[in-house]
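User: I am new to this structure. Please walk me through a helix pair and the cysteines.

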Amino acid sequence: MLRAALTSGGGRLTAVVPRHIGRLFSSSSSSSSTIAALFSDPTPPADPAAAIQSAGVDLSHPDTVPALLLDPGLAGNYPAASRFFSWAASDPAAKAALNSRSFNSMLQLAAAHGDAERFWSLVTSMRSKGYGISKPAFRAASESFRAKDMARDADLLQDAFAAHGRNAAAAEVCKILRAPGKDDSSNLAMLSESRVEVTEELVALVVEKVGQFPRQAMVFFQWVEKSAGSGICWGKVYNPMAKVLGREDCIEEFREVLRKMRGKGLEMDRDVYVTVTDRFFKRKMVEDAVDLFRFMASRPEKLSKEDFVVFLKKVVVTGDLDLKLVTRVVSYYQHAGNEVKALAFDSVLKSLRSVARLGESGRVLMAMKEGGFAPHTVDHEKAILAMCDAGNLEEAHKYMADVEESGHKLGSKVWSSLVQKYSLGENVDTAVSCFHEMLERSGNDNENVGSALEALVSGLCKKKGAKEAFKVLKNLVSKKIVVPWQTTYKYLIHNLIRQGHLKQAFEVLGLMKSHGYPSFIDPCITHISKSGTVDDALGLLNATSSKGLPSRTAHLRLFQALLKEDRHEVAQQLLSQSPASIQNHADVRDIFSRIKVEEPIPAALADG
């Protein structure tokens, strides 16, 4: 071996040149001097490759460039050496021959001449190609940097060289783990024989590369646990383990990791917890997610309210709803010294609505209560309203009874909602019984009672007819002192007339009057004017009289409507049976005086 050395500007270059290099070109010094001459000018020749070849230099050999760069003939002219390397790195033919030794030789030159910018640019290029810094190059460059008072670059080089060593160790471990045709025990034995030192950095590097291959990761972790020294930080070992093993195909190993962490008093990093929890929920491993929540809740550092609420929401919307898991989550959070606020249930309701599970609201609230949450009356009411919205009426009804028996007095709003929902369904009889129960339990709150009664009347009209609706309403007004809304009365009158129940419609007018509402006679007049009899008309007029006195307005409107429909005979018969005060009223006489009819004017008008 021929050892060539050059000292330049306080730096030291070291190269080991094999003896067979002499066969590549006639003389090392003359060839390197030729290269130096070619690239001394900032503008290189038109065809450097041809000039180099004519000088007898074979750049295709892997040993040529390293030897040239460290030969005094070229190394002594750093600008020329730098231009030559740049050209070689860009020339397709020469580029193919550049290897790790070529880059390391150029690194030494750059360091020897204090060219930090060039040096670190070369390091970056080497990393992209997978090349590392050799020990000879590291030593020579370190000496050069120290000699030139470039302490910062020397320190950075020390870090870069150490990182390369760690990367090399990680690569060796990964190579063993991926060895084809080897079983786990063989891989474990090979790792034990590798002399690779277990460090936290090694764990992080290997996990990053084999994290998607749980089998390899488990072998690696077995080796780490067996080989790690006493100075290792186990938290930086078990957290990556948990992050990789938290999946369905190695869940037992994950649970074992949690047991070991608990035994060593180690805490799980938040990013690991979030990653694994999200993975569990995505794969519908809800029970495993709850077990992990328990592990986190037992830490000295409390989980935040937001952590708890977000987790609980995921439990109620993921997979099949398991109420025992809801209870466990609340219980773990409470036992850790936290308080579950009512806002948590509000958030849960929103999540239930998003997945069409509002019908489960009552059972979810009871599960939370079993875990330690103390719901107020308003929370129970929210659950009932949610169940009513979902159409889960039977369970809502039973839930209401249970809640009231436990001492909560529910407001009329929830009873009203239940009655309204029952009224929209087929079982309007249940709606009627619920309405009576509502009056007994929550009193006669006009606002909510009125809305419930309107829905009840509407449901009865559609399912059992307006006549049945009238019977129910009349009973409630007379015996329960219920005051229906004016709109309820109007709706019922319309339906009674449409279904041919004029007598009941007239009774409704009387009920309206008793509650201070103006008589709603428009549909009655319309119906009678088109097809009603004199008796129908008299029934309407009797219903609109006040204290035995006839309503002039009702008479006038009825006469006008009959005459407009050309029902003169009915109008005249009605007039003849009207009180004298109506017959002699100027407006009535005026209406009939305009009509030319063949039959004589009634005697009452003629005598007037």
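Analyst: Here are short questions and answers on this predicted model.

User: How are helix α28 and helix α30 oriented, roughly parallel or roughly antiparallel?

Analyst: Helix α28 covers residues 486-498, and helix α30 covers residues 522-531. Their axes lie 9 Å apart and meet at an angle of about 15°. Angles under 35 degrees count as roughly parallel. Therefore α28 and α30 are roughly parallel.

User: Is the crossing of α28 and α30 left-handed or right-handed?

Analyst: The handedness was computed for this pair of helices. The crossing of α28 and α30 is right-handed.

User: How many residues of the contact of α28 with α30 are nonpolar?

Analyst: From α28 come Ile 493, His 494 and Ile 497. From α30 come Pro 523, Cys 524 and His 527. None of the contact residues is charged and 2 are polar. The nonpolar ones number 4.

User: Why does Cys 524 form no disulfide, and is Cys 524 buried or exposed?

Analyst: A disulfide needs cysteine sulfur atoms within 2.5 Å. The closest cysteine sulfur to that of Cys 524 is in Cys 461, 14 Å away, so it is too far for a bond. The relative accessible area of Cys 524 is 0%, so Cys 524 is buried.

User: Which cysteine has the sulfur closest to that of Cys 388?

Analyst: Cys 388 is buried, at 1% relative accessible area. The closest cysteine sulfur is 9.1 Å away, too far for a bond. That sulfur belongs to Cys 434.

User: How many disulfides are found in the whole structure?

Analyst: The search covered the whole structure. The number of disulfides found is 0.

Methods: Residues numbered from 1 in each chain as written. Predicted model: local features only at pLDDT ≥ 70, side-chain atom pairs only at ≥ 80, totals over all residues. Heavy atoms only, no water. Axes fitted to C-alpha atoms, helices over the stretch in contact; angles between N-to-C directions. Helix = DSSP H or I, 4+ residues; strand = E, 2+ residues; numbered from the N terminus. Parallel < 35°, antiparallel > 145°, perpendicular 65-115°, else oblique. Left-handed = near helix turned anticlockwise from the far one by under 90°. Contact = heavy atoms within 4.5 Å. Nonpolar A, V, L, I, M, F, W, Y, C, P; charged D, E, K, R; others polar. Buried < 20%, exposed > 50% of the residue type's maximum accessible area, 1.4 Å probe, protein only.
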